[in-house]
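The following exercises practise the reading of disulfides and helices in a protein model. Work through each task before consulting its solution.

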Amino acid sequence: MASIKLILCVLFGFVCFSNAQLSDNFYGASCPNLKTIVGDAIKEAVNREARLGASVLRLFFHDCFVNGCDASILLDDTTTFTGEKNAIPSRNSLRGYEVIDAIKTQVEAACPNVVSCADILALAAQEGVVLLGGPSWAVQLGRRDARTADLSAANTQIPLPTSSLSTLISMFSAKGLDANDMTALSGSHTIGQARCINFRNRIYNETNIDSEFAATRRATCPASSGNEENLASLDIQTPSQFDNKYYQNLVARRGLLHSDQELFNGGSQDSLVKSYSTDDAVFKRDFVAAIVKMGNISPLTGINGEIRKNCRAIN
């Protein structure tokens, strides 16, 4: 039966899946230039605005934390469901959707109806990290796209900037990621920016913060309401370089978000943060292991889901 199915796939061009496992060479025959297409598009985007590398990586994180890595975060609202883009952790915060749209257009031109938006997002996140000086890894592929989104899950299953260490550990554990995975993945905050509204309380009301750092951040984030959208780099040292300076900042009590500094605040992750702060190679090794693990959260494979033609809408 398996051989008959394979023959039919070859003769009639059916898209066939022999198992539900992801593979780093999933599109080797069906879209051999995929990595080049994605890489060139991300390079163009990051050259235009370095922050987009961080933005796409954050899209990937938000996607995987809601019902698995299925591109549900990319869906616009419809008459039958409300998408995840306006969830509390994402509204007025997530960006980079147009980058994925542009890549999808190019991929469809080269390999129509073959590559999922979920896989494009996974590849784009990796390419962005590499362009900003981070590590490379073999991206596992073969995901398919969700036909719906889950606003409720997006509102409750994605950590907030105000999360405590215990909450962070619990929320990552619910996704099959342990505390060390969480600390390594948090290193993605070595790139990107945050809005004043998300760190105002920390720089004015928390005590485990370096006074000079707090004063620097107060200059563009006043204590009173207003200027909520003013941005500050998550890593004050090398804001557009993927390195271990984020952890050095934590040891110096210069974490921008409450949830950042919780990783180094007399708790269980202090020793690991110290290790990462002095060894960039160890951090990057553990980050790769953790993000590959995250990318394997509940993927849709086989005949589940679909290959969207437009990442913002189901077929």
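**Exercise 1.** Which handedness has the link of C31 and C111, and what is the angle about the S-S bond?

*Solution.* The model is a predicted one.
Step 1. Identify the bond: C31 and C111 are joined by a disulfide, with an S to S distance of 2.1 Å. This lies within the cut-off of 2.5 Å for a pair of cysteine sulfur atoms.
Step 2. Read the angle: it is 80 degrees about the S-S bond, and the link of C31 and C111 is right-handed.
Step 3. Locate the partners. C31 belongs to the loop between α1 (2–12) and α2 (34–48), and C111 to the loop between α4 (97–110) and α5 (117–131), so the pair ties together parts that are 80 residues apart in sequence.
Step 4. Consider the surroundings: C31 and C111 are both buried.

**Exercise 2.** State how many disulfides the structure holds, and determine the handedness of the one that joins C64 to C69.

*Solution.* Step 1. The structure holds four disulfides. One of them joins C64 to C69, at 2.0 Å from S to S.
Step 2. The torsion about the S-S bond of C64 and C69 is about 115 degrees, so this disulfide is right-handed.
Step 3. C64 is buried, as is C69.

**Exercise 3.** Describe the disulfide between C117 and C311, and find which parts of the chain the pair links.

*Solution.* Step 1. The S to S distance of C117 and C311 is 2.1 Å.
Step 2. Here the torsion about the S-S bond is about -100 degrees, so the disulfide of C117 and C311 is left-handed.
Step 3. The pair links distant parts of the chain: C117 is in helix α5, whereas C311 is in the segment after α14 (280–295), and the two are 194 residues apart.
Step 4. C117 and C311 are both buried.

**Exercise 4.** Check the length of helix α3 (residues 51–64) against its expected span, and decide how far the helix is enclosed.

*Solution.* Step 1. The expected span is 1.5 Å times one less than the number of residues.
Step 2. Helix α3 has 14 residues and should therefore span 20 Å; its end C-alpha atoms are 20 Å apart, which agrees.
Step 3. Of the 14 residues of α3, 12 are buried, so the helix is largely enclosed by the rest of the structure. Among them are L52, F60, F61 and C64.
Step 4. Name the neighbours: the buried residues of α3 pack against α2, α4, α5, α7 (165–173) and α14.

Technical notes. Residues are numbered from 1 along each chain as its sequence is written. This is a predicted model: local features need pLDDT of at least 70, side-chain atom pairs count only at pLDDT 80 or more; totals for chains, interfaces and linings use all residues. Side-chain values use heavy atoms; hydrogens and water are left out. Helices (H or I, at least four residues) and strands (E, at least two) are DSSP runs, numbered from the N terminus. Buried means under 20% relative accessible area, exposed over 50%, partly exposed in between (1.4 Å probe, protein chains only). Contact means heavy atoms within 4.5 Å.
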